Amino acid sequence: MIENPFRPSAGATPPEIIGRSGLLDEFKYGLRLGSGAPGLLTIFTGARGIGKTVMLGEVHDAARREGWAVIAETATEGFMGRVGEEMLSLTQELGSGPQNRRITAIGAAGFSITTQLAPERQVAWRKLGEELLHILDNKHTGLIITVDEIHAADRNELAQLAASVQHFIQDRLPIGLVFAGLPAAVSDLLNEGVATFLRRADKIDLHAAGIRDVERSFASIFATAGFRVPPHLVQKAAESTGGYPFLIQLVGYFLWREAENNNGTVTDAEADRAVQAAHRRNARTVIEAALSTVSAKDLQFLRAMAQDDGPSIAGDLGKRLKAKTNLVANYRSRLLAAGLVEPAGHGKIDFAIPGLRQYLRNLNTD
């Protein structure tokens, strides 16, 4: 029996990456060109569950296929120190001779003791990076550093990383930097002077896949397994995902389980159970996690939005909440930064996470 190919967990590689064809072409071309190639600075943005971490996985695979070293980090506290420790490990592994031993001595105390590297540690970090990149350059390869969830990053650490990478690029060393984060956080980062050079990065905004593409993918995957899923149920399952990659994985996973438990056949009852299970899991793992840090006032604002069937007009929200224009603007800014809402045209906002509207409506009826 073929194993369930759907893996609805953070960053897991799906059986098929839908609607992402060609997005990494510039990056892959940059790997071939080497130092200074524009594609080696890339930033992925998009809502939660849209597939940013999966795209970073594709970056790792592409880089390793070309023989590049990869350091993958998440922007939690002390990530710069952890990158330094990884560089030290690679230098020890690849380098040789007295210079490498001196670099090892510099890093002996460890980089990840504090969140923000002290000036002397910054110097050691940069020297270590230079040594590693010279070693890799001599081997006709380079280093890719990826940093996920930059919306959670300490800005001082990001500033340190940006300054060092810019220095490496100016020295024509083979370095690539790939970020992923929520749109508002990325916009803030690009507007900060410490990271001005990142404005030259290839900014890739990830969006939902086309429903027809999801439908074709589901049909192909289930047919290959020999499962009997009627076309109208494949269509229904695809539509229930809204084209969002994490929901695609969840719906596919539960639909596969229903097929396994019903001798390879899916009826309306099994399809309904699969879709409902997928949305319950999405609510627990994505929506509830996203709402966990929201204030009571912000939640009230989101509930007011949930009264609309589509994008909300700022003026209407102000009337519902009896709030002044500047207060509505403050709510909007905070929720944009949190990745819960997104702009939807002049004076309008909409939910950024699939299923959030219905989840909040259910709260309103409790």
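User: Which helix holds Leu 128?

Analyst: Leu 128 is found in helix α5, residues 119-138. Helices (H or I, at least four residues) and strands (E, at least two) are DSSP runs, numbered from the N terminus. The model is predicted, and local features need pLDDT of at least 70, side-chain atom pairs count only at pLDDT 80 or more, and totals for chains, interfaces and linings use all residues. Residues are numbered from 1 along each chain as its sequence is written, and side-chain values use heavy atoms, with hydrogens and water left out.

User: Why is Leu 128 called buried?

Analyst: Buried means under 20% relative accessible area, exposed over 50%, and partly exposed in between (1.4 Å probe, protein chains only). Leu 128 has 1% relative accessibility, so Leu 128 counts as buried. Its C-alpha atom is separated by 7.1 Å from that of Met 87, 41 residues apart along the chain.

User: Why is Glu 270, a residue of helix α11, put in the buried class?

Analyst: The relative accessible area of Glu 270 is 9%, and therefore Glu 270 is buried. Apart from residues up to four places away in sequence, Glu 270 touches Glu 258, Asn 262 and Thr 265. Contact here means heavy atoms within 4.5 Å.

User: What makes Glu 149 and Lys 322 stand out in phi?

Analyst: Most residues other than glycine have a negative phi. Glu 149 is not a glycine, yet its phi is positive, about 55°. Lys 322, also not a glycine, has a positive phi of about 55°.

User: Where do Glu 149 and Lys 322 lie, and why does each get its exposure class?

Analyst: Glu 149 lies in the loop between β3 (143-148) and α6 (155-170). Its relative accessibility is 36%, so Glu 149 counts as partly exposed. Lys 322 lies in the loop between α13 and α14. With a relative accessible area of 78%, Lys 322 is therefore exposed.

User: What makes a group of residues a nonpolar core, and how many residues does the largest one have?

Analyst: A nonpolar core is a set of buried Ala, Val, Leu, Ile, Met, Phe, Trp, Tyr and Cys residues joined through side-chain atoms within 4.5 Å. The largest has 73 residues, and those with the most contacts inside it include Phe 218, Leu 291, Leu 302 and Leu 340. A second, separate core has 36 residues, among them Ala 69, Met 80, Ala 153 and Ala 162. Outside its neighbours within four places in sequence, Leu 340 is in contact with residues including Ala 290, Leu 291, Leu 302 and Phe 351.

User: What does the chain look like overall in secondary structure and burial?

Analyst: The protein chain has 15 helices and eight strands. Of its 366 residues, 48% count as buried. Among contacts between residues at least 6 apart in sequence, 74% join residues at least 24 apart.

User: What makes an empty space a cavity and not a pocket?

Analyst: The work is done on a 1 Å grid over the protein atoms alone: a cavity is a set of points where a 1.4 Å probe fits but cannot get out, whereas a pocket is an open set with protein on both sides within 12 Å along at least five of seven lines. Lining residues have an atom within 4 Å of a point. Grid points are joined across faces, edges and corners, and a volume is the space filled by probe spheres set on the points. The structure holds one cavity of 30 Å³ or more, and the largest cavity has a volume of about 40 Å³. Its lining is formed by Phe 301, Ala 314, Leu 317, Val 328, Arg 332, Gly 347, Lys 348 and Ile 349.

User: Why does the lining of the largest cavity come to five nonpolar, one polar and two charged residues?

Analyst: Ala, Val, Leu, Ile, Met, Phe, Trp, Tyr, Cys and Pro count as nonpolar, Asp, Glu, Lys and Arg as charged, and the others, Gly among them, as polar. In that lining, Arg 332 and Lys 348 are therefore charged and Gly 347 is polar.

User: What is the volume of the largest pocket, and which residues lie closest to its centre?

Analyst: The largest pocket has a volume of about 940 Å³. Of its 45 lining residues, Arg 48, Gly 49, Ile 50, Lys 52 and Thr 53 are the closest to its centre. By class, the lining has 24 nonpolar, 11 polar and 10 charged residues. The second largest pocket holds about 340 Å³ of space.
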